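Trainee: Could you take me closely through a single part of this model, the nonpolar core, together with the sheet and the helices that belong with it? I would like one connected account rather than a list.

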Amino acid sequence: MITVKHLMDPIEPTDGSRLWVEPIGLSADLRQWCKVDHVRPHIGPPRQLWDWFAEHPDGWEYFRGEYHEYLAASNMRPALLQLARVAQRENITLLHTGDHPSQNTAVALYEFLSELSAYSASE
């Protein structure tokens, strides 16, 4: 199961593997303090798109669509499919730093993984 949390949300035993999915790095201290198991900035949106969304918080639909297109066209599809399959049997928490709880990088990635998983199940 995949959950989405802000980096500063409380850490819970049910979080499972905690993945940082923003397109920027994370300091070792913050990684340890927030119990981040995996730092994966390469699966976050392109930095230019991420910066644009930070300046245009009302642009969620555009951000989400562009990010999904980026992921679909990337060579990360096999790894993302594997992540979606792992999430069917293990808990995974996608971590973000966005201000909006339902419009952020982690939610957009969660939606893409869900769609990818559903699509690949029919193949």
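Mentor: A nonpolar core is here a set of buried Ala, Val, Leu, Ile, Met, Phe, Trp, Tyr and Cys residues joined through side-chain atoms within 4.5 Å, and buried stands for under 20% relative accessible area. The model is a predicted one, and what follows should be read with that in mind. The largest nonpolar core has 26 residues, of which L80, L94, L109 and L113 touch the most other members. Two or more residues are given to this core by each of α2, α3, α4 (77-86), β4 (92-96) and α5 (105-121), and the largest share, 7 residues, comes from α5. L113 shows how such contacts are made: leaving aside residues up to four places away in sequence, L113 touches I2, L80, L83, A84 and L94. Apart from the largest core lies another core, of 7 residues, including L7, C34, V36 and L95.

The sheet comes next. It is an open sheet of 4 strands in the order β1-β4-β2-β3, with parallel pairing. Because β1 (2-6) and β3 (38-39) stand at the edges and have a single partner strand each, one side of each is left without a neighbour in the sheet. Strand β4 is joined to β1 by 5 bridges, the two running parallel, and in this pairing H6 has H96 of β4 as its bridge partner. Strand β4 is also joined to β2 (residues 17-20), again in parallel, by 4 bridges, with W20 standing opposite L95 of β4. L95 is thus a residue to look at twice, since L95 is also among the members of the 7-residue core. From β2 the sheet continues to β3 through 2 bridges, with the strands running parallel, and L19 stands opposite H38 in β3.

Two of the helices that give residues to the largest core, α2 and α3, can also be described as a pair. The axes of α2 (residues 47-55) and α3 (residues 60-73) come within 10 Å and cross at roughly 170°, which makes α2 roughly antiparallel to α3, as angles over 145 degrees are counted in that class. On the α2 side the contact is made by L49, W50, W52 and F53, and on the α3 side by W60, Y62, F63, E66 and Y67. Sorted by class, this contact has 8 nonpolar residues, no polar residues and 1 charged residue.

Definitions and conventions:
Residues numbered from 1 in each chain as written. Predicted model: local features only at pLDDT ≥ 70, side-chain atom pairs only at ≥ 80, totals over all residues. Heavy atoms only, no water. Axes fitted to C-alpha atoms, helices over the stretch in contact; angles between N-to-C directions. Parallel < 35°, antiparallel > 145°, perpendicular 65-115°, else oblique. Contact = heavy atoms within 4.5 Å. Nonpolar A, V, L, I, M, F, W, Y, C, P; charged D, E, K, R; others polar. Buried < 20%, exposed > 50% of the residue type's maximum accessible area, 1.4 Å probe, protein only. Pairing = 2+ DSSP bridges.
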